[in-house]
Amino acid sequence: MCDTWVSWSGWYRLFIQSQSVQMPDTCVEEYSCGTYAPLWLNGGHPAVEDGVVTRNVCGHWDNDCCYFQSNPIKVKACPGDYYVYEFVSPTTCSLAYCADASNINTTSTTVMPETTTAETTTTTTTTTTTTETTTMDIIIGPFYPFGTGDTENGRNDDGSSSVIYLQQPFIFFGQTYNQIYVNNNGHLTFDGAWYSYTPYQFPAYGGKDLIAPFWTDIDNRWNGVISYKQYTSGSVLTQATQDINQYFPDLSFSASLVFVATWDRVAYFYNSGTETSFQVVLISNGHLSFVVMNYGAIAPTQRYVQAGFDTIDSSHHFSITGSLQNDITSLPHSSNVNVPGRWAFRTDHGTRGCQFNGLPVQLGDSFWSDAVCQERCTCTTRGLQCSIEPCTYSQACRPAAFQYSCQNIQRQTCTISGDPHYYTFDNQIFHFQGTCTYVLSEACGNGLPYYRIE
């Protein structure tokens with residue numbers, strides 16, 4: 001459940017089966033109140049003589065009772081031993097206001113508007129229902145609306161949507177697209193459906209414009225829903241406009257197209273039974289374009305995951321921290337816009353990079369220009385800057401997606417014991433018995449760091 005999208009207006013009184021209840025003013029367990037991070041009143045309830053007071057609101061998550069510090073609300077104690085609350089939109093999804101049902105045997109909580117003289121602005125028309133439960137029905141994370149009215153992808157391994165015609169063009173680093181595909185394995189493509197389930201590292205110089213919020217081997221045949229929807233008017237455009245102006249404050253941006261694709265509680269291949277949730281949002285006004293990636297609960301996996309984007313010639317690319325590592329469950333806590341679980345990028349043109357032998361190099365990228373990795377070059381705002389910087393002794397020079405790179409050499413241990421017993425670098429065991437002298441290793445030439453192993 002996400003109370004961010006409720007149009008709060010006026011004062012509200014809480015009821016459970018016609019019995020007046022109040023917000024909890026102590027920490028509430030995670031996964032309560034129909035959401036992941038339940039909201040509770042931090043500061044206690046007032047007395048009648050206190051009048052209207054302002055109280056902070058906290059959301060419990062990651063074993064921190066006040067992990068989310070939501071927007072403050074106003075509270076008033078009324079004669080008759082009940083309270084009313086001026087609820088406001090929480091700071092993010094999925095946060096939901098709680099009612100204290102500890103003394104009530106029910107599963108239904110109703111939030112009703114309350115007419116009161118505490119403020120001149122009142123309402124008697126808005127009603128919303130929340131559910132008190134301990135099951136995880138709603139994903140945590142700063143998600144845009146999804147579900148109702150969405151088009152769903154088929155439940156098939158390595159599947160994709162059919163072609164989706166965008167209601168307005170979307171510019172992706174100089175390329176204007178009027179269509180898109182939502183692929184089950186966690187990526188969007190523009191030139192056709194793509195089944196690929198094995199991620200590669202960005203930049204790949206792979207000849208494909210690719211948006212990959214969570215590229216891995218996903219299997220939605222048994223659980224999970226993959227869906228999408230586009231908007232050209234309404235509250236979703238308002239939310240997108242607010243978000244982009246907050247993250248990119250110098251643009252005076254107004255969204256005219258929002259495309260939302262959501263992977264809701266999907267599993268990994270093969271029928272892992274786990275639940276992973278993420279979302280990618282394309283936002284545009286016809287000239288400026290942005291990609292927002294949202295992350296909910298991410299199930300652990302030993303599969304490699306690539307999160308980010310790449311272009312046809314890799315002149316523009318980005319890999320979110322943790323990509324292509326064995327575990328990427330930190331995504332719900334990471335961000336480049338100070339919103340846990342959200343990454344936002346401007347994607348219409350990008351900054352001007354460099355050239356090397358006629359090929360583009362993104363600003364900030366580094367590579368080694370020769371096959372023995374003696375010269376390292378970096379694209380800077382002053383152009384391509386190169387200097388002598390060979391690999392370290394624990395690295396090897398190897399071909400990369402672009403030119404060459406110094407790559408770490410895997411370390412292993414060799415052990416000799418007894419009379420003697422050899423436990424080799426590749427985990428083999430050998431026994432040599434006798435009176436001979438064996439040389440384990442010795443320096444080469446003038447000494448270290450070069451040495452050989454017999």
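In this predicted model, helix α1 covers residues 235-247. At 1.5 Å a residue, its 13 residues should span 18 Å, and the end C-alpha atoms do sit 18 Å apart, so expectation and model agree. A good part of the helix is tucked away: Val236, Leu237, Gln239, Ala240, Thr241, Asp243, Ile244 and Tyr247 are its buried residues. The cover over these residues includes several strands, namely β16 (225-231), β17, β18 (276-284), β19 (289-295) and β22 (342-346).

Strand β17 turns up again in the nonpolar packing. The largest nonpolar core has 36 residues, and within it Phe214, Trp263 and Tyr295 touch the most other members. Strand β17, residues 257-268, supplies the largest share of this core, with five residues. A second core lies apart from it; this one has 25 residues, including Ile16, Ala37, Val57 and Leu95. As background, nonpolar side chains in soluble globular proteins tend to be buried together.

Phe214 is worth a closer look. Leaving out residues up to four places away in sequence, Phe214 touches Asn185, Gly186, Tyr268, Thr276, Phe278, Tyr295, Ile298, Val305, Gln306, Ile328 and Leu331. One of these contacts, Tyr295, is itself among the three core residues that touch the most other members.

Next come the sheets. One is an open sheet of six strands, ordered β11-β12-β13-β14-β20-β21 and paired antiparallel. Its edges are β11 (164-172) and β21 (317-319); each has a single partner strand, so one side of each is left without a neighbour in the sheet. On average, and ignoring direction, neighbouring strands here are turned by 25 degrees against each other. Inside this sheet, strand β12 (residues 175-183) runs antiparallel to strand β13 (residues 187-189), and three bridges join the two. Tyr181 has Thr189 as its bridge partner in β13.

Another open sheet is built from three strands in the order β30-β31-β32, again with antiparallel pairing. Here β30 (415-417) and β32 (429-431) are the edge strands, each pairing on one side only. The twist from one strand to the next averages 15 degrees. Strands β30 and β31 (residues 421-423) run antiparallel and are joined by three bridges, and Ser417 finds its bridge partner in β31 at His421.

The structure also holds seven disulfides. In one of them, Cys33 and Cys98 pair up with their sulfur atoms 1.8 Å apart. The torsion about this S-S bond is 120 degrees, and the link is right-handed. This pair connects distant parts of the chain, 65 residues apart: Cys33 sits in the loop between β2 (19-21) and β3 (37-42), while Cys98 sits in the loop between β7 (95-97) and β8 (108-114). Both Cys33 and Cys98 are buried.

The disulfide of Cys58 and Cys66 likewise has its sulfur atoms 1.8 Å apart, but with -55 degrees about the S-S bond, the link of Cys58 and Cys66 is left-handed. The two ends also fall into separate accessibility classes. Cys58 has 2% relative accessibility and therefore counts as buried, the limit being under 20%. Cys66, at 22%, lies past that limit and so counts as partly exposed.

A disulfide also joins Cys373 to Cys397, with an S to S distance of 2.0 Å. The torsion about the S-S bond is about 70 degrees, which makes the disulfide of Cys373 and Cys397 right-handed. Because Cys373 lies in the loop between β25 (366-368) and β26 (375-380) and Cys397 lies in strand β28 (residues 395-399), the pair ties together parts that are 24 residues apart in sequence. Cys373 is buried, with a relative accessible area of 0%, whereas Cys397 counts as partly exposed at 26%.

Two further cysteines show the buried and partly exposed classes. Cys78 has 8% relative accessibility, so it counts as buried. Cys414, with a relative accessible area of 27%, is partly exposed.

Conventions:
Residues numbered from 1 in each chain as written. Predicted model: local features only at pLDDT ≥ 70, side-chain atom pairs only at ≥ 80, totals over all residues. Heavy atoms only, no water. Core = buried A, V, L, I, M, F, W, Y, C linked by side-chain atoms within 4.5 Å. Buried < 20%, exposed > 50% of the residue type's maximum accessible area, 1.4 Å probe, protein only. Helix = DSSP H or I, 4+ residues; strand = E, 2+ residues; numbered from the N terminus. Contact = heavy atoms within 4.5 Å. Disulfide = S-S within 2.5 Å. Pairing = 2+ DSSP bridges. Axes fitted to C-alpha atoms, helices over the stretch in contact; angles between N-to-C directions. Expected span 1.5 Å × (residues − 1).
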